[in-house]
Amino acid sequence: MIIDIAGRSAHRWATHDLDAGAAYAAASVFDANLQLLLDRAGVLMRTDADRIAGIFDDDFEIDDDDLESPAERADEQARAIEDVIKEVALLRAKVEAFRKKYRVGRKPSLGNSKPLEHHFVLMMKQMWRATTKTNAPKSKDGRFARFVIAAWSDLEFDAREGIDDTLASYCETL
């Protein structure tokens, strides 16, 4: 049971370490897109609605069924643009409020190229301490190292060549 708990915990932490870089990259893209949205919303909010509506004055043709003058249609266009600007201002406020709560943080670095082995030895050290009330001996060939290697094998984790040496090294250094 102790080995199973250590194995599951080590697997969970190793998965977290391996996924952290991709999660950071996705969060960075999301953050950049939020900033772009805020920038574009700011430009739109600073736009003069009457100036934009004035651009369309020459494009309006009056036909017999149309009772509105080009000026009235330009005013209607200006009001519609002002409404869009107000909506964008509300959206921008929501995005800014979200950004205050949301932080990308710093890029994680996987300083350890073997996170499963690393976390497994750490978990086994904790279990050793909890069970024996003593610290695990720091040795490559001691009883703790042999116990960790046997537990690794028992859990049927990766059995590649050199894994025993890797685990033994972690037992000595962690």
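Let me begin with a definition: a residue is called buried when its relative accessible area is under 20%, exposed when over 50%, and partly exposed in between, using a 1.4 Å probe and protein chains only. The model before you is predicted, so local features need pLDDT of at least 70 and side-chain atom pairs count only at pLDDT 80 or more, while totals for chains, interfaces and linings use all residues. Residues are numbered from 1 along each chain as its sequence is written, and side-chain values use heavy atoms, leaving out hydrogens and water.

I turn to helix α4, helices being DSSP runs of H or I with at least four residues, numbered from the N terminus. Its buried residues include P115, L116, E117, H118, H119, F120, V121 and M124. The 18 residues of α4 should span 26 Å at 1.5 Å a residue (1.5 Å times one less than the number of residues), and the end C-alpha atoms, 25 Å apart, agree with this. After α4 comes K133, with a positive phi near 65°.

Next, the largest nonpolar core, meaning buried Ala, Val, Leu, Ile, Met, Phe, Trp, Tyr and Cys residues joined through side-chain atoms within 4.5 Å. Among its 23 residues, F120, V121, M124, F144, V148 and W152 touch the most other members. At least two residues each come from α1 (2-45), α4 (115-132), α5 (143-154) and α6 (163-173), with α4 giving the largest share, seven.

What does W152 contact, beyond neighbours within four places in sequence? With contact meaning heavy atoms within 4.5 Å, its partners are L116, E117, F120, F157, D158, I163 and L167.

Finally, H119 of α4 is buried, at 11% relative accessible area. Setting aside residues up to four places away in sequence, H119 touches A10, W13, A14 and D17.
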